[in-house]
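User: I should like to understand how descriptive terms for a protein structure are justified. Please take me through the reasoning behind each one.

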Amino acid sequence: MKRRDFLGGVGAVGTAGILSTPALLTSASRALAQGNDIPVGLLFSLTGAVAVVESTLHDAALMAIEEINAAGGIHGRQLRPIIEDPASDPATYADRARRLMIRDKCVSVFGSYTSASRQAVLPVTEQRKNLYWYPTLYEGRECSRNVMYGGAVPNQQQDELIPWAIENFGPRFYMIGNNYVYPKEENNYCKTLLSEYGGEVVHEEYVPLGHSDFSSVINRIRSEQPDVIFATVVGDSDVAFARQYHAAELDPAKMPVVSLTRSEVEVKAIGGEAAAGHFSSAPYFMGHDTPENEKFVEAYKSRYGADQVTHFVSEAAYFQVYQFKAALEKLDPANITPETIRDAAVGLTLNAPQGEILIDENLHTHLWPKIGQWQTNGQAEVLVESTERIAPKPYAAYDGQTCTGEGLVKA
Amino acid sequence: MTSRFHYDLVALVIFTVVIVFGVPALMNYDGFELNTFARYLALAIVSMALALSWGTAGLLNLGQAATFGMGSYAMAMHLKLRASNGLPDFMGWNNVPELPLIWMPFESLAFTLLAGLLIPAFVGGLIAIFMFRARIAGVFVAIITLAFLVAFQLLVIDQQGLTGGQNGLTGLAQLSLPGWTVDPYSMGFYYLVAGCLAVALAVGVYLTHSKFGLVLRAIREDADRTRFFGYNVATYQTAVFCISAALAGWAGMLYTMVLEFASPTYMGVSFSLAIVIWCAVGGRESVIAAAFGAIIVNMLEGRLSDVFVEGWHLMLGVIFVLVVMFMPRGIYGLLSELAAKLRRAGRQGNAASIDPSSKTQLETGQEQ
């Protein structure tokens with residue numbers, strides 16, 4: 001009893017001690033403007049379910065910020081990154097976004113990997129007229145005036161891919177994806193392209209997010225003998241799918257997996273051997289040969305380790321910070337608000353690692369789609385490169401709806 | 001009136017005064033801070049709801065988040081219909097041709113408010129009847145409710161055409177009551193949430209000190225014995241489960257209004273376990289302490305994550321381990337032990353007196 005009381009006392013004192021740590025009480029000081037610098041928010045999950053990928057976006061964006069600061073900042077002002085960890089939880093995203101946009105008065109926030117987290121941040125972004133820079137490829141069909149979309153939308157990933165796949169492998173497509181809006185939407189768009197080019201869907205299947213047993217899927221693929229496996233499986237599910245596909249000894253030369261989501265990060269987890277021979281469609285691959293990319297990859301590796309990879313989302317997380325910089329440089333330093341930044345960003349071109357990109361008036365980005373084949377070393381060999389920059393059409397699958405500079409227009 | 005009831009009433013009044021008058025003043029009436037705190041207060045309601053079933057009746061409901069989520073989706077469905085002309089956007093994306101039947105009544109605010117309370121209560125009641133008629137108790141209650149939670153979340157995620165799937169319900173309107181559009185950053189909204197918490201706590205305090213609460217405590221201590229006294233144990237357990245579920249649904253409705261979206265993560269296992277932690281830190285024996293626990297843990301989480309961007313999760317974990325090891329009855333337990341010690345010290349001169357705490361217990365029983 002005595003001992004227990006003592007321990008209880010120690011526990012209470014300990015807790016009280018933690019509660020009254022001076023740093024905790026003075027935390028608000030971080031929010032105050034420190035002189036003349038420009039506060040920007042970084043809202044990428046560093047912990048939780050999607051942290052493996054999302055932390056690489058954080059790393060890339062932070063690297064860009066520090067490169068800009070090292071080169072003298074913008075108008076002589078330093079960028080002050082305010083880092084939050086939303087822990088892969090939408091409610092936490094909403095909470096931290098409020099902090100960054102309302103309390104810390106960031107003029108822009110860079111963040112999010114999943115659509116669910118972007119949607120969680122949208123209400124406060126739109127209400128406070130802030131600017132959210134979202135680097136991920138996504139399903140389109142969104143036309144916010146307060147989000148800068150740096151990733152590909154369905155038409156940018158598929159317009160070239162689908163006819164190419166039909167021509168090279170055949171018209172019979174097997175669709176496998178996770179059960180949420182992104183795969184369904186990509187498949188919706190794929191079906192319109194298939195009907196245009198004379199392809200067909202032999203089977204369409206959705207597994208829960210995080211699903212890792214693909215034996216029944218693989219059995220069905222074996223019995224259906226499709227020409228192309230059109231995959232929109234994400235994260236751990238994709239890793240499991242690729243490994244089991246390889247273990248089942250299905251031949252990529254006969255039945256290749258053509259993925260919209262598989263990047264260098266997933267391939268690193270899958271292993272080069274199992275990933276080799278399959279294809280991905282993306283605007284960027286790590287091995288892409290431009291001076292900008294060489295610089296990006298080298299800086300990234302020397303900073304975070306030689307075994308690290310860059311991929312099509314981290315590239316966007318990186319170039320979006322430079323787009324932000326370019327927009328700010330066009331502005332009068334006394335008049336920097338999220339809205340003026342947005343207006344200045346429209347029409348900007350930038351030499352990104354993937355090529356020269358352009359911000360459309362609908363706030364999506366004109367990109368350079370590519371088709372890559374994975375090699376045993378974990379890198380992709382680019383087989384097809386778009387001859388022209390492709391404009392983003394977030395409502396491509398929906399007749400009569402266009403995302404314009406005035407928002408969504410319905411015919 | 002027993003002294004314990006007295007203490008709780010005083011605590012309730014102090015607590016209410018602090019959250020209604022103290023906190024806004026402390027926050028400088030700043031919209032952002034008040035919005036953040038309103039979120040904590042909404043979570044305090046679900047924590048006190050758990051204390052009602054766990055602390056009072058000994059029924060550890062690990063599925064509390066499911067009923068919370070039902071309330072939150074009920075409110076979100078209403079606000080989504082208000083925000084969209086005709087068919088909500090995500091239904092179009094999922095090739096749903098017309099508004100499903102189950103969505104239609106949510107056009108009405110009155111129905112929504114009722115549904116946010118009654119649907120969780122009804123579902124909670126169904127599970128409770130199934131469990132308690134079969135005299136399931138102890139850890140099995142936790143397992144069944146947890147299993148229900150997981151199944152329910154999967155169902156919500158799977159029914160994308162009805163629920164928005166993984167993304168949940170987003171793009172909501174602000175609630176408009178007659179003459180008042182509820183802005184989640186306004187003082188009015190803060191008072192609304194604080195008022196709801198105060199009412200929920202008053203209900204909780206009343207219930208725990210009524211005869212109903214006494215029977216529940218008796219069931220917690222020895223269900224068989226209570227049964228032999230002639231009480232229908234299953235009915236009491238079912239009733240407290242329903243009330244707890246309704247309160248959780250209420251909290252869910254407010255939570256949707258604070259965050260302006262509803263997500264299936266509100267029905268996640270980790271969220272449900274977090275509720276248990278808040279309740280345990282505050283002290284599950286008292287509804288006020290449980291509410292306080294939710295507020296203090298969430299504030300701590302907010303502060304820690306603000307200062308230590310990396311490792312705040314870990315620190316929070318260490319604190320929870322310490323609490324469980326050294327304060328198994330939570331802050332409430334610590335305070336009541338302290339009070340008992342003080343009383344004992346004060347009594348040393350007067351050795352003949354009877355232990356007042358045991359006497360109080362008896363009185364509670366006889367009075368009602």
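User: Why is S108(A) called buried?

Analyst: This is a predicted model, and the term rests on a count made in it. A residue is called buried if 20 or more other C-beta atoms lie within 10 Å of its own. S108(A) has 27 other C-beta atoms within 10 Å, and therefore it is buried.

User: Where is S108(A) found, and which residues is it in contact with?

Analyst: S108(A) belongs to strand β3 of chain A. Leaving aside neighbours within four places in sequence, its contacts are V40(A), L131(A), W133(A), F324(A), P338(A) and I341(A). In addition, D37(A) is 71 residues from S108(A) in sequence and 13 Å from it in space, C-alpha to C-alpha.

User: How do you know that the length of helix α3 of chain A agrees with what a helix should span?

Analyst: The expected span is 1.5 Å times one less than the number of residues. For the 20 residues of α3(A), residues 51–70, that gives 28 Å, and the end C-alpha atoms are 27 Å apart, so the two values agree. Just after this helix, G72(A) takes a positive phi of about 105 degrees.

User: Which residues of α3(A) are buried, and what covers them?

Analyst: The buried residues include V53(A), L57(A), A61(A) and I65(A). E54(A), H58(A) and D59(A) are also among them. The elements that cover the buried residues of α3(A) include strands β1, β2 and β3 and helices α11, α13 and α14 of chain A.

User: What makes chain A as compact as a globular protein of its length?

Analyst: Chain A comprises 15 helices and 17 strands. The globule rule gives 22 Å for 411 residues, and the radius of gyration of chain A is 23 Å; the values are close, so the chain is as compact as a globular protein of that length. Its C-alpha trace spans about 70 × 65 × 45 Å along the principal axes. Of its 411 residues, 51% count as buried. Among contacts with a separation of 6 or more, 71% join residues 24 or more positions apart.

User: Which domains does the assignment give for chain A, and how many residues of each take part in the contact?

Analyst: The domain assignment gives domain 1 (36–152 + 284–368) and domain 2 (156–282). The contact takes 19 residues from domain 1 and twelve residues from domain 2 of chain A. On the domain 1 side, α3 and α14 of chain A are the elements that give two or more residues. That side has twelve nonpolar, five polar and two charged residues. The centres of the two domains are 29 Å apart, taken over C-alpha atoms.

User: How many residues of chain A are in contact with chain B, and which element gives the largest share?

Analyst: In this pairing, 37 residues of chain A are in contact with 29 residues of chain B. The largest share of the chain A side, eight residues, comes from α1(A). By class, the chain A side has 20 nonpolar, nine polar and eight charged residues.

User: Which residues touch the most other members of the largest nonpolar core?

Analyst: The core has 226 residues, and those that touch the most other members are I45(B), M48(B), V193(B), L197(B), A251(B) and A291(B). Helix α11 of chain B, residues 233–259, gives the largest share of this core, 18 residues. The core also draws at least three residues from each of domain 1 and domain 2 of chain A. Not counting residues up to four places away in sequence, M48(B) touches A200(B), L201(B), G204(B), V287(B), A290(B) and A291(B).

Methods: Residues are numbered from 1 along each chain as its sequence is written. Chains are lettered from A and ligands numbered from 1 in the order in which they are written. This is a predicted model: local features need pLDDT of at least 70, side-chain atom pairs count only at pLDDT 80 or more; totals for chains, interfaces and linings use all residues. Helices (H or I, at least four residues) and strands (E, at least two) are DSSP runs, numbered from the N terminus. A residue is buried if 20 or more other C-beta atoms lie within 10 Å of its own, exposed if 12 or fewer, and partly exposed in between; C-beta atoms are placed from the backbone. Two residues are in contact if their C-beta atoms, placed from the backbone, lie within 7 Å. The radius of gyration is taken over C-alpha atoms; the globule rule is 2.2 Å times the number of residues to the power 0.38. Domain bounds come from an automatic or database domain assignment. Ala, Val, Leu, Ile, Met, Phe, Trp, Tyr, Cys and Pro count as nonpolar, Asp, Glu, Lys and Arg as charged, and the others, Gly among them, as polar. A nonpolar core is a set of buried Ala, Val, Leu, Ile, Met, Phe, Trp, Tyr and Cys residues joined through C-beta atoms within 7 Å.
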